[in-house]
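Visitor: I would like to learn how to read a structure like this one. Please take me through it feature by feature.

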Amino acid sequence: DGALIEMAVHTAAVLLCGQNPILQPLRNLAFRSCTMEVKRFNSDSKCPNGHPCTVGECGRPMETSRCLDCGVPVGGEQHKALPGFQEFRTNEDRTQTGHILGDARHRKTMGMSDRAMSPVVFVLIRLLTHLAMLLGATKNPQSLQKIIKPSVSNPVSFLQQHIQEDLAQLTRILGKSVDETINMLHLVLSSLLKDAHQHPGQWPVQFDVLSTKEKRNKWEGIVASTIIVPQLEDLDKKLLKLNRQIQEDERISSNPVVKIVYGDPVTFLSQLPKDSHIHHSKMWSCRKRISVENLGHVVQQKNAKDTVPLLWKFLQKETELRLVKFLPEILALQRDLVRRFQNTADVKHCSIRDFLNEPLSDVMRDLLQRRVNVFLSVWNKLRSSLDTNGEIKLPKGYCDADLTLDSKLEVLLPRRQGLGLCSTALASYLISLHNEFIHLVNKHVKEDDRYLISPSEVADLHLISYEVERDLIPLILSNCQYSMEKGGETLQDFDLERIQQQVISKFLQGKPLITLTGIPTLVYRHDRNYEQLFNDVRNKLDQSALPSSVMNMISGELQSYSDVCDALSITEITLGFLAMAGENAEMLLTDYIEKVLQMGDQTNPHVLQAFRRCYLKHNIALWQLLSTHKSEQLLRLKRDPFVDINTVYKAELSPETAKLLNTFLVHSRLETFLQELHEMIILKLRRVQAVDEFRPTWSLKESLVPYLDAKGSELATELEEMFPDEILLSHATATWKAAALFKRECRE
């Protein structure tokens with residue numbers, strides 16, 4: 001705490017007295033933190049229908065494929081995108097504003113930097129920022145709290161923990177003692193007091209609010225090049241000189257501890273032999289601790305980035321690369337969950353803990369528990385990188401907090417929308433990280449990228465896999481030589497080229513690239529692209545409307561919600577098979593279910609009885625009827641049948657428009673209107689990018705009539721003549737609910 005106070009006081013003195021313009025952002029954080037609040041809005045990049053698509057390698061399309069969700073063509077050829085396909089914008093600023101590191105304890109396993117600077121420079125800039133924020137928290141905690149995300153109750157304690165973590169990281173990187181690391185910070189702070197013209201290479205730039213990533217990077221670059229990097233040059237000599245100054249300072253030199261730490265024991269221990277090579281403080285000083293972070297600093301100090309480029313890249317990404325070995329467990333968990341929930345009718349809503357507590361065998365529970373813990377651990381370590389660097393852009397807020405067993409189960413389910421994107425994005429990120437290094441190694445050793453496997457084939461032996469303490473540290477130590485000169489300290493030197501070669505041969509070479517196609521994907525039945533499904537069915541066999549007598553019979557026999565759900569489920573299964581294989585349109589539906597699909601024993605007898613007058617040519621019309629009835633039943637049970645519809649389509653009807661709608665319903669073909677409007681809501685308005693194609697401010701009639709015309713529905717003429725123009729597309733769900741309620745009241 002004493003050292004922290006000293007650093008804070010020194011920082012305050014520099015910010016109050018210094019004239020260097022690069023101090024302005026730190027001065028704002030310390031004394032006017034309200035000026036550093038920045039808000040920014042980013043746009044999304046998606047496929048023509050709004051679903052996320054991934055382009056590997058350089059991010060520019062080189063081949064065509066189809067969207068996993070809607071089947072539309074995506075990608076392109078020769079770096080030219082297909083019409084409507086939005087390329088992933090890798091240069092888009094996806095970093096969040098404010099302080100987003102969260103709890104300091106979670107930084108122990110996080111990557112060092114996504115900037116083009118060395119870890120020691122990056123952590124030093126972060127430490128200066130935290131010290132300035134600490135001053136701001138003591139002066140105006142309410143204003144500074146707005147910058148910290150997620151918010152904290154005690155910003156002073158929060159920032160103190162981050163400063164301590166910064167010091168711990170610097171100590172590991174530099175291989176110095178804590179005292180030496182703190183002394184280095186004081187050297188940097190002293191350098192900040194110099195006038196701008198005393199720093200060669202710094203041009204007169206004014207910095208105020210770092211409102212964009214570009215401005216922040218520019219400021220950091222100038223601080224690094226003019227202040228920090230010069231101080232890191234000949235750092236050992238500067239620290240020795242500083243130690244001598246401390247030793248000779250009369251105010252503290254009488255302290256025996258100072259004499260032991262900074263001086264020669266012979267000067268105050270007369271019984272020690274004179275001119276001894278052994279009884280000397282240099283001989284007994286602690287050796288630098290060897291660590292991965294320290295090796296990265298050594299490469300930086302030796303300007304060896306061009307000499308050992310792969311080793312430099314490896315050290316920059318090492319904290320993330322060590323997690324690639326967990327990919328098989330994550331993919332296995334995804335496959336287990338897909339098998340369990342694929343094609344189920346409804347989304348599973350519960351916590352991860354509740355799911356694990358469901359009835360399972362002890363072996364399966366232990367296996368799931370282990371894989372879930374691996375997933376949560378890897379996600380929590382990578383979530384900041386997934387937010388800013390992942391190829392799949394996650395919606396705002398998904399990466400803000402750690403996942404726990406009390407998080408929603410949906411985050412584990414690999415889907416192409418909603419919280420399920422978290423699981424898909426995590427697998428995609430690990431695969432891309434692995435591929436990036438395998439591609440670099442193949443290029444380095446002049447091998448082709450022809451060794452490819454799919455995610456379903458991935459095993460431990462295919463991946464970059466190592467243990468830091470067991471594999472990496474011994475490799476570094478075996479290539480470290482020590483030497484000592486008389487009267488000097490022990491020196492260490494690394495054979496960097498040999499370390500690079502051994503890292504390549506032991507951990508990277510001979511591994512395959514992993515394709516991104518084939519990541520397990522869960523598709524709930526209602527997630528299907530029904531438009532594509534119906535088109536495929538129509539291409540295989542003719543479809544026609546259900547006779548009114550058959551509709552009335554089915555509606556009369558399937559009165560309960562569970563019966564309607566069972567009937568809809570078997571109808572959707574039948575549609576899936578017909579879309580792929582086709583069949584005679586005049587075959588009875590019950591014959592197809594019992595004789596062709598062999599599902600008679602698994603089907604509710606009550607449902608089979610209701611289907612007895614339906615033929616395969618009625619399948620799409622049957623789906624339309626049953627899906628509408630399911631929503632009517634949900635409405636009767638006081639549940640929202642349109643949970644996943646955008647709220648812009650859920651505006652309430654005014655009393656005037658409700659009266660106009662009621663007049664129309666009295667004279668309309670109510671059942672047909674209910675089914676057609678329901679189908680348009682489900683097929684069109686549930687799309688991810690529905691708002692761009694169907695503006696809520698448009699007239700509902702103008703949107704529904706062209707849709708019906710394309711189907712050849714006779715209801716289009718009736719709507720054109722009678723439906724009120726005042727009802728907008730934003731009233732779509734309210735209009736359907738009002739019509740369903742009107743139908744129920746008429747029957748009662």
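Guide: We will go through salt bridges, cysteines, a chain contact and a surface patch. Keep in mind that this is a predicted model.

Visitor: Start with salt bridges. How many salt bridges does a search of the whole structure find?

Guide: The search finds 30. Take Asp493 and Lys302, whose side chains meet at 2.6 Å, N to O. This pair links distant parts of the chain, 191 residues apart. Asp493 sits in strand β6 (residues 490–494), and Lys302 in the loop between α10 (292–301) and α11 (309–321). Asp493 is partly exposed at 37% relative accessibility. Lys302 is partly exposed too, at 40%.

Visitor: Which salt bridge joins two residues of helix α12?

Guide: Asp336 with Arg339, again 2.6 Å from N to O. They are three residues apart in α12, about one turn of the helix. Check the accessibility of each partner. Asp336 counts as buried at 16%, whereas Arg339 is exposed at 61%.

Visitor: What about Arg470 and Asp471?

Guide: They form a salt bridge, with the closest N and O atoms 3.2 Å apart. Arg470 is exposed, at 59% relative accessible area. Asp471 is partly exposed, at 23%. Now look for shared partners. Glu329, Asp336, Arg339, Arg370 and Arg371 are joined into one network by salt bridges that share partners.

Visitor: Next, cysteines. How many disulfides does the structure hold?

Guide: First the general idea. A disulfide is a covalent bond between the sulfur atoms of two cysteines. In this structure there are zero.

Visitor: Why is Cys422 not bonded to Cys399?

Guide: Because the distance is too great: the Cys399 sulfur, the closest cysteine sulfur to that of Cys422, is 6.3 Å away. The cut-off for a disulfide is 2.5 Å. Cys422 is buried, with 1% relative accessibility. Cys614 is also buried, at 0%.

Visitor: How far apart are the C-alpha atoms of Leu337 and Leu412?

Guide: They are separated by 8.0 Å, while the residues lie 75 apart along the chain. Leu337 belongs to helix α12 (residues 327–341). Its relative accessibility is 1%, so Leu337 counts as buried.

Visitor: Last, the surface. Which residues gather in a patch of negative charge?

Guide: Glu702, Asp709, Glu720 and Glu721. Now map the patch onto helices. α27 (700–711) and α28 (715–722) each supply at least two of its residues. Glu702 lies in α27.

Visitor: Is Glu702 buried or exposed?

Guide: Exposed, with a relative accessible area of 57%.

Conventions: Residues numbered from 1 in each chain as written. Predicted model: local features only at pLDDT ≥ 70, side-chain atom pairs only at ≥ 80, totals over all residues. Heavy atoms only, no water. Patch = residues over 30% accessible without salt bridge, like charges linked within 9 Å, V, L, I, M, F, W, Y side chains within 5 Å. Areas by Shrake-Rupley, 256 points an atom, 1.4 Å probe, with all protein chains shown as cover. Salt bridge = Lys/Arg side-chain N within 4 Å of Asp/Glu carboxyl O. Lys, Arg positive; Asp, Glu negative; His and termini not counted. Charge placed at Lys NZ, Arg CZ, Asp CG, Glu CD. Helix = DSSP H or I, 4+ residues; strand = E, 2+ residues; numbered from the N terminus. Buried < 20%, exposed > 50% of the residue type's maximum accessible area, 1.4 Å probe, protein only.
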